Amino acid sequence: MAFGSRTAGSGKHRGSSRLSRKTAGYAGIAALATTGVVGSLAGPAFAADNSTEHSVPDAGYNAVVVGDDLAGDIEDQAESQQRAAEHAAAQAKAEADAKQRAAEAKRIAEAKVKAERDAAERAAREAERKRLNTFVAPVGGGISTHYHAGGGMWSSGSHTGIDFRASEGTSVHAVGAGTVVEAGWGGAYGNNVVIKHNDGTFTQYGHMNSLNVSVGQQVTPGQQIGLAGSTGNSSGPHLHFEARTGADYGSDIDPVSYLRSHGVSL
C-alpha cells in the first residue's frame, strides 16, 4: 500500500534527539566528577550526526571543558592549601626558634648574674677573712717606755710590756679579732682588758679610764674597747700594752715583735 510505504523507513539514519544528546552530555560530566576521566559517552551516533535541524553543541566537548576547569580548580585549591600549610609550619618553627633563643638568653643572663653574685660573695668572705686576720696598733701614739725597761715601778723589776703615748680619753682598739676574757679592775693595771686572739695568743690593755667591752664579748680588729687614762699604778695618762702566751701575768712576750709579726708597723 502506498500508505504503508509512506510510513516505512527510507533507510536514512535519523539524527539523535535533543534529549538523548543532553543525557549523554550529563553522563560525560558525571564520569569526569567520579573518575577524573571523560568517558566516550557521546557515542558514534553523536559524531555522525550531521543534521542541521535543531543542532546543539557537542555534549562530549562540554564535558571535557567542564572537567578541565574543575580539575584546575582542585589543583589550585590543593596548591593554595599546601602553601598555607608550609607558611604555617614556617611560622611555627620561627616562633619555636625565637622562644628557644629567648630561653637560652635568659639562662645565660641568669648564669652570669649568679656567677657575679657568687664572685661577690667570695670576695666579701675573703675580705672579711683578711680583716679578721689583720692586726692594728692599739693607739696611734708612739712608744714611751720599751719592753723590759728596768725600774722600781714594776714589781718584777722590769717592764713587762710597752707604754704608748695617749692622752686621757684616747680611743683604745683591740689589735686583732678575739674574745674578751677579762674586763675590769686589774690591781696595778687599773681598768684593764685581756683578749684571747684566734691564734691562741693574748693581749692586755691597762690603765684605761673606762671600758666598752665585757667578758665573753667577741671583738674585731680596730674595735674600740675603752678609753685611755691613768688608773692603777700609773704616773700619767698612757696605754700599757702587753702580749702574752697565756691569760695570766708572767707569760709576757716582746709586744713590738708580736705586733710586727702580725703585720703592724711601729
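A surface patch here is made of residues with over 30% relative accessible area and no salt bridge, with like charges joined within 9 Å. Keep that in mind for the first stop on this tour of a predicted model.

**A negative patch**

Six acidic residues, Asp-68, Asp-69, Asp-73, Glu-75, Asp-76 and Glu-79, come together as a patch of negative charge on the surface. Take Glu-75 as a way in: this residue sits in helix H4, which covers residues 59–133. Is Glu-75 buried, partly exposed or exposed? Its relative accessible area is 48%, and since exposed means over 50% and buried under 20%, that value falls in between. So Glu-75 is partly exposed, and it clears the 30% needed for a patch.

**Aromatic pairs**

On to the rings. Searching the whole structure turns up 3 aromatic pairs. A pair like this is described by the distance of the ring centres and the angle of the planes. Here are two of them:

| Pair | Centre to centre | Angle between planes | Type |
|---|---|---|---|
| Phe-135 and Tyr-258 | 6.0 Å | 80 degrees | edge-to-face |
| Phe-164 and Phe-241 | 6.3 Å | 70 degrees | edge-to-face |

Why do Phe-164 and Phe-241 count as edge-to-face? Their planes are at 70 degrees, and over 60 is what the label asks for.

Both pairs bring together distant parts of the chain. Phe-135 is in the loop between H4 and strand S1 (143–145), while Tyr-258 belongs to helix H5 (residues 255–261), and the two are 123 residues apart. Phe-135 has a relative accessibility of 10%, so it counts as buried. Tyr-258 is buried as well, at 5%.

The other pair joins two strands: Phe-164 comes from S2 (residues 162–165) and Phe-241 from S9 (residues 238–244), with their positions 77 residues apart in the chain. Phe-164 is buried, with 1% relative accessibility, and Phe-241 is buried too, at 0%.

Which residues do ring pairs link into a cluster? They are Phe-164, Tyr-205 and Phe-241, so the pair of strand residues just described has a further aromatic partner in Tyr-205.

**A glycine in a loop**

One last spot is worth a look. Gly-232 lies in the loop between strand S8 (224–228) and S9, the strand that also holds Phe-241. At 35% relative accessibility, Gly-232 counts as partly exposed. Its C-alpha atom is separated by 8.5 Å from that of Trp-185, although the two residues are 47 apart along the chain.

Definitions and conventions. Residues numbered from 1 in each chain as written. Predicted model: local features only at pLDDT ≥ 70, side-chain atom pairs only at ≥ 80, totals over all residues. Heavy atoms only, no water. Patch = residues over 30% accessible without salt bridge, like charges linked within 9 Å, V, L, I, M, F, W, Y side chains within 5 Å. Areas by Shrake-Rupley, 256 points an atom, 1.4 Å probe, with all protein chains shown as cover. Salt bridge = Lys/Arg side-chain N within 4 Å of Asp/Glu carboxyl O. Lys, Arg positive; Asp, Glu negative; His and termini not counted. Charge placed at Lys NZ, Arg CZ, Asp CG, Glu CD. Helix = DSSP H or I, 4+ residues; strand = E, 2+ residues; numbered from the N terminus. Buried < 20%, exposed > 50% of the residue type's maximum accessible area, 1.4 Å probe, protein only. Phe/Tyr/Trp six-rings, centres within 6.5 Å; stacked < 30°, edge-to-face > 60°.
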